[in-house]
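Me: I would like to go through this structure step by step. Please show it first.

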Amino acid sequence: MSNLEDREVAKAADALRVGNAQTVRVYDVPVVVDLAKCITGCRICIDSCPVDCLAVNPETKKAHMRHDECWYCLACEIDCPKDAITVKIPFLVR
Amino acid sequence: MNVAVTQAEVLVVGGGSAGATAAIRAQQDLPPGRVVLLEKAHLKRSGAIAIGMDGLNNAIVPGHATPEQYVKEITTANDGIVDQRAVLAYATRSFEMLQQLDRWGVKFQKTESGDFDVKKVHHQGRYVLPMPEGYDLKKILTRLIKRAGVQVHNRFAATRVLLDRGRVAGVIGVDVRTGEVSVIRAKAVILCCGASGRLGLPASGYLYGTYENPSNAGDGYSMAYHAGAELTGIECFQINPLIKDYNGPACAYVTGPLGGHTVNARGDRFIQSDYWSGQMMLEFYRELHSSNGPVYLKLTHLAPETLAEIERVLHRTERPSRGRFHLGRGHEYCADSVEMHISEIGLCSGHSASGVWVNERGETSVPGLYAAGDMACVPHNYLLGALTYGQICAENALVYAAQAEPPVNESDLDDQVATERARILAPLSRPRGVPHHQYEYKVRRLVNDYLQPPKTANRMTVGLEYFERLRGELEEVGATDPHELMRVAECGFIRDCAEMAARASLFRTESRWGLYHHRLDYPEPNDAEWFVHVNLKKGPDGEMLLSKRPIEEYVVPMTRDELSGYQGLRVRGAAENGALEGTVP
């Protein structure tokens, strides 16, 4: 028992100073890009986004939602010349 | 250290509605490129109205209203705490701005005889002018800025104003795509950075599900504060009636003139006017938290063609994704009333009165620094106020810049740049640090816990301790790219605004502006002590200083009845059933 208490004292102190651990998890986001329609090299939607949440995906060379920070304003969807984007209402809101 | 420097005569920070007219007007009198416009997003979809607006809320059209009537309406709506000269400057110049917009090709609703089709939404006068094709506005302004020859820097986040002996010398910030820190030196700076819209946390819990465009994080409030400018009315929060869960207005301004109105769960009206004021919000709040709640926007009684017209406007302008929100919930206007709720708190003079102190020339209390739009305190100024004050600021900034002396203390400016550059870039040294969204969630959750009205000194004092602690915790937040650097900078702005909101609210020991500053420990207004502005600024040791500023003598005299005209907004006979008054929710 006293051993556990000692351990807790030590861990409580450690918790204040240890570095950070990371996680990787791919999950559902609101802006869905149709890769068949999206034009490689076009950056119109990336320019349009008022919260800068879109970027070129280095793997596909097409636009994707890089940051989960969508205002679902539809600027990207409206401005896309190929109608390649569909914006969903974020799960927490829908 | 090598920091690029751009030279400008007039620098405009923020390319929304106010920034657009400021830049266009300033560039008219200067050689091409001498006006620099910084925009954190991209000009074509920036500001509060990325998708355009569905109407003007405060158009003063001859034959419908006079500037004096408007000044009275806003003085009443803001419980008397206004600098009338600033409101009057808007009122006298805004029709000229409206005509200018009309000539620029912005499509306003007109009658068969070609006159502006003004609607009544306010408690007293008629000021609402629909613009059902308002999505053109951003395109038109963007084209005019480019044509004028303004030097535009998109995706640039300004973070601090540079000063020379207390006067404006320029702005420093970071490119949010490249991460390059650079300086724009200017003789005059016009801040048009929008509201502090990421202050409270929306009930949905989605960080970016805010009423305001989330790119408006209070940047301008924080930059003006650190430059030494006074802010005012910060305790007069922005709280708006919105669709429950969806961050768009249910929109009394569009639906009201077509027959829609706010009702309680029994289907009864309980407020006389849907115009957004603190008094209206207090009645809304009371109904919501009574046995009569929830509150709804009633449209089910309207004809199919009227509903089609409402959808045509509401699902194409301002917040066009609302149609798919309703569809996802399986709700239709013809069969279901729209459940409404109150928004998270924010700071925004466009809707309430919280902002940087400005006079009728758009001048802040710092020489050479101007402010316009949602962040500048001209109460209830809305879109047309932003457009009009952008011009007013530009005209006065041009006069100031023409006689401004060059900075004398270059080494001090170099020090400011070095210090700020290090501050901006520091999060990159902590790539595995606390993620910005967790820090932001924490600040904003604490804002909800401790600052959301009704307010008490006990709760706000506890909140203030957390906001002070969060100043240190900002040093733990990390960034892995320039985009995240911008977000961490915004975390600092949001924290600053939270502290300002707490301190200003604690200082005013009375209740005023309905729900916006409703204090349970001081439930009544106290005109004897608090018929004043509460101003806030950074003290010499970096502490927040608060003071009372007397109200200037009114230029449009008000009778006692006129001043209290917004106090009786509850429909006569509409009972308050089991309201929670006197308890902390």
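Me: How many helices and strands does chain B have?
Reply: This is a predicted model, in which local features need pLDDT of at least 70, side-chain atom pairs count only at pLDDT 80 or more, and totals for chains, interfaces and linings use all residues. Residues are numbered from 1 along each chain as its sequence is written, and chains are lettered from A and ligands numbered from 1 in the order in which they are written. Helices (H or I, at least four residues) and strands (E, at least two) are DSSP runs, numbered from the N terminus. Chain B has 16 helices and 17 strands.

Me: What radius of gyration does chain B have, against that of a compact globule?
Reply: The radius is taken over C-alpha atoms, and the globule rule is 2.2 Å times the number of residues to the power 0.38. Because chain B has 585 residues, the rule gives a value near 25 Å, and the model agrees with 23 Å.

Me: What share of chain B is buried?
Reply: A residue is buried if 20 or more other C-beta atoms, placed from the backbone, lie within 10 Å of its own. Of the 585 residues in chain B, the buried share is 58%.

Me: How many residues does each domain of chain B bring to the contact between them?
Reply: An automatic or database domain assignment sets the bounds: domain 1 is 4-56 + 127-237 + 347-411 and domain 2 is 241-342. Residues are in contact if their C-beta atoms, placed from the backbone, lie within 7 Å. Domain 1 of chain B gives 18 residues and domain 2 of chain B gives 15 residues.

Me: How far apart are the centres of domain 1 and domain 2 of chain B?
Reply: The centres are taken over C-alpha atoms. Their separation is 31 Å.

Conventions. Buried ≥ 20, exposed ≤ 12 C-beta atoms within 10 Å, placed from the backbone. Contact = placed C-beta atoms within 7 Å.
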